[in-house]
Amino acid sequence: MKTTLIICEKPDAALHVAKALSENGEIKKLIKYDIPYFEVKNNSEKLIICSAIGHLYEVDVKGNEKRTEYPVWDFTWKPKHLVERGQKKQEKFIKAITELAKEADLFINACDYDIEGSLIGYMILKYACKGAHVKAKRMKFSTLTVKELREAYKNLMPTLDYPLINAGMCRHEIDWLYGINLSRALTESARKYSGKYSILSIGRVQGPTLKFIVEKEREIQTFVPKPYWVINSKIDINGEKFNVEYKLSKIEEKNIANKIVKECFKKEGEIINIQSKTYELPPPPPFDLTQLQLEAYRHFGFTPKQTLDIAEHLYLNALISYPRTSSQKLPSTIGYMEILNSLKENSQYKDAINELYNINELKPNEGEKTDPAHPAIYPTGIQPKEELSSREKKIYDLIVKRFIATFGDSCLKKSEKAIIKVNEHIFYLRGARILKPGWIKFYSPYLSLKESLLPPLSIGQKVFFDEVKAEEKYTQPPSRFNPTSLLKLMEEQSIGTKATRAEIIDILYKRGYIKDERITATPLSFKIIKLMLKYCSKIVSVEFTRELEEMMKKIEFGKEEREKVVLKAVNNLKPAIMELKNKEVEIGKELSEVIKQVKALDFTIKTPCPNCGSQLLIIKSKKTGKRFIGCSGLWIGKCRFSLPLPQKGKLSLLNKECPECGFQMIQVKIAGRKPMISCPKCFITNLNNKKLTITKAGN
Amino acid sequence: MEEFISQLYPFSKFHMSKKCKACNNEAEENEEFCELHKLAYLNIVKAYEEWKKAYGEISFNEFLRKIVEAKESGEAVKEIAFYIMKNNFKVKKE
């Protein structure tokens, strides 16, 4: 009997593959080195289905150089547990797969069909299965449904997908070369100068992304608003009040605004024209990963990383298709009717789907984006076997409703505009009504259109300007990025991949380069970008990063060679690293100073001491080990002001002032509990008042 | 003690090298402000002309007071405006 070893990317996927390929439904769950794997029979063949847990191999320096030395140009692929700490489990997976490979005649890579999945499977086959990659086949699927897995097993690709593997290897190797050399250059410069160790990193995608944020921060911090005036007016029609807009949305001079008010207030106007327009709002395209992340942030506040993690979990439960896709296409081969019929079993979607069946042709409104490996994200129709968490329910519902909506009719909307003239000034009275909701009904509550109905109007009708005011306003600074708008910009600028962008944003937070949900760049990020621009501007150049991305993309289609791209990247990196190495002392000095500043800012309260106006700091008492807010005036014997702080949990200072007293708010996070946000000053005032009340009551 | 406080609070007066007048960070070469505050300063000078046109007439001090109070103004702009007001700093026309 022939034995085939099937390698999946994650244990959950391995179970689905085993269930789908077992001819009699029997699955043997076995354990080797604490790692579960499955055995099933299929056409008198023995199938062993095992899994990895993501990457088991990683790029590392060739040889055993010190972890602080740079530059390093020689690299090799090594088992992950030999490169990173805390990867014991990965070692067990490699051992188990190596053992299982000994009894196999055939090998199949059934990892996710994309760059990472192809690379994970290839490395395991090459190293753990001792060169089995040369004879291995590839299974290609987009959902973990029984039907698609069986189909994929029947139509195996005869060899591994080498263009994807080469693209993956190239990406990992270039990212490693950039990451290790630049990060070591920064970290070591700072360490050698100050003797203190702080992890500082910058990478091929991190650099340009951080540059976007720093540039935006600079714009915001140096923004001087300009005044302008808007005309707020109300008219009276048959005793009912309506807001009307002045022809110009902004008046740039105060005198002109005042003149308009003078000439229109309490005057009678006349409707000189009525215009109406009917237009269609076509249904939205199905979700690609970025659109899903944007929509999930808008409605639920989930970060891109959270959305990706939830979507992956739904995929591993066979509820949705593969989420790491950039496609907005839904080919008919996925079986629209079958999916909709299955979704109908859920009462929540039944009415919408029944209504959809009344539409003549079942055709999704596809978007322009494509992905050679996967279709857009869609629900498989399989009902959840276990209760989903509230977050999973939200993402699942969003995906299902979006899927249904893409098949809907266009929404028909009518807009109306009455043009009113008063003393040579023109005002608009606007209204809008929905003639046919179409797809919007299916996508509720994620989109709802507001109607504003106008009363019956006629040309020549007189209206009275009851209220006309000039309101002074200021121009707004550019809006800050949030994790999702940053992700969108990265995609628009073609830097990073759909799979890595969310993680890169997370790293920027972890390194202390950015903070808050409405992203603020810290002084450290200003310094890093300044140094990069001074010594190696190409590293943070969007154009250069995009050029590399395009070359790597070409490898995926077999139109570029991996070696050539890596060499080009190294040739660009080498002079930059040498320049950093030569300027180690200057760079170290600048970095050390800013690190000190940033650390101090973590302990400095923005609100001045209410007693003496000095700086307030978070201090840890050497005597008691307790933390509290103390006045810096204490050290010069000037002030003894202090406030107590919670002793447990991670304390951070918020960019928010107390609405009651204006003191800077704090946040305390304790694992497993909701973060506590409070004002340290009001807390103690309230506590004292309470004590006073109790004492008074006692007396 | 001075060294200790300057470590805790790097913007303090104990730093001796050429510092930005608004924030005590390192100033640009031959300049009175750091890069960020210099840009904020230039933007303020430029904006004053636009404000004068918008209001018909507005004194420089009134203009500074308004931009310090406006929530839309950048932090660096507020710091520079505050510095100019506090120190009667003479604005150079660039």
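Biologist: Which residue in the turn of the hairpin formed by strand 21 and strand 22 of chain A has a positive phi?

Modeller: In this predicted model, strand 21 (residues 650–657) and strand 22 (residues 664–669) of chain A pair in the antiparallel sense over five bridges. The hairpin leaves six residues between the two strands. The turn residue with a positive phi, about 85°, is Gly662(A).

Biologist: Which residue of strand 22 of chain A is the bridge partner of Leu653(A)?

Modeller: Strand 21 of chain A covers residues 650–657, and Leu653(A) falls in that range. Strand 22 of chain A covers residues 664–669. In strand 22, the bridge partner of Leu653(A) is Ile666(A).

Biologist: In what order do the six strands of the closed barrel in chain A run?

Modeller: The pairing in this barrel is antiparallel. From one strand to the next, the twist averages 40°. The order of the strands in chain A is 9-10-13-12-11-14.

Biologist: Over how many bridges do strand 9 and strand 10 of chain A pair?

Modeller: Strand 9 of chain A spans residues 227–237 and strand 10 of chain A spans residues 240–246. One of the partnerships joins Lys234(A) to Asn243(A) in strand 10. The pairing is antiparallel, and the number of bridges is six.

Biologist: What angle does the direction of helix 2 of chain B make with that of strand 9 of chain A?

Modeller: Helix 2 of chain B, residues 35–55, packs on the sheet. This helix touches strand 9 and strand 14 (462–474) of chain A. Its direction and that of strand 9 of chain A make an angle of about 30°.

Biologist: Where is the proline of the cis peptide bond that starts at Tyr70(A)?

Modeller: The peptide bond from Tyr70(A) to Pro71(A) is cis, with omega near 0°. Pro71(A) lies in the loop between strand 5 (57–61) and strand 6 (75–79) of chain A.

Biologist: What is omega for the cis peptide bond between Ser444(A) and Pro445(A)?

Modeller: Pro445(A) sits in the loop between strand 13 (425–436) and strand 14 of chain A. For the cis bond joining Ser444(A) to Pro445(A), omega is about 10°.

Biologist: Is Ala318(A) buried or exposed?

Modeller: Ala318(A) is in the loop between helix 10 (304–316) and helix 11 (336–343) of chain A. Its phi is near 60°, a positive value in a residue other than glycine. The cut-off for burial is under 20% relative accessible area. Since Ala318(A) has a relative accessible area of 3%, it counts as buried.

Biologist: What is the relative accessible area of Tyr33(A)?

Modeller: Tyr33(A) is in the loop between strand 2 (28–32) and strand 3 (35–42) of chain A. Phi of Tyr33(A) is positive, near 45°, in a residue other than glycine. Tyr33(A) is partly exposed, and its relative accessible area is 38%.

Biologist: What separates the C-alpha atoms of Asn317(A) and Gln383(A)?

Modeller: Asn317(A) is in the loop between helix 10 and helix 11 of chain A. Asn317(A) counts as partly exposed, at 30% relative accessibility. Along the chain, Asn317(A) and Gln383(A) are 66 residues apart. The separation of their C-alpha atoms is 9.9 Å.

Biologist: How many helices and strands does chain A have?

Modeller: Chain A has 699 residues, of which 51% are buried. Its C-alpha atoms fill a box of roughly 95 × 80 × 70 Å along the principal axes. The counts for chain A are 20 helices and 23 strands.

Biologist: How far apart are the mean positions of the positive and negative charges of chain A?

Modeller: Chain A has 117 positive and 84 negative charges. Its accessible surface comes to about 34,400 Å², 50% of which belongs to carbon and sulfur atoms. The mean positions of the two sets of charges are apart by 7 Å.

Biologist: What share of the contacts in chain B with a separation of 6 or more comes from residues 24 or more positions apart?

Modeller: Chain B has four helices and zero strands, and its elements run α-α-α-α from the N terminus on. Buried residues make up 39% of its 94 residues. In chain A, residues 24 or more positions apart account for 69% of the contacts with a separation of 6 or more. For chain B, the corresponding share is 31%.

Note on methods
Residues numbered from 1 in each chain as written. Chains lettered and ligands numbered in written order. Predicted model: local features only at pLDDT ≥ 70, side-chain atom pairs only at ≥ 80, totals over all residues. Heavy atoms only, no water. Buried < 20%, exposed > 50% of the residue type's maximum accessible area, 1.4 Å probe, protein only. Contact = heavy atoms within 4.5 Å. Areas by Shrake-Rupley, 256 points an atom, 1.4 Å probe, with all protein chains shown as cover. Lys, Arg positive; Asp, Glu negative; His and termini not counted. Charge placed at Lys NZ, Arg CZ, Asp CG, Glu CD. Pairing = 2+ DSSP bridges. Axes fitted to C-alpha atoms, helices over the stretch in contact; angles between N-to-C directions.
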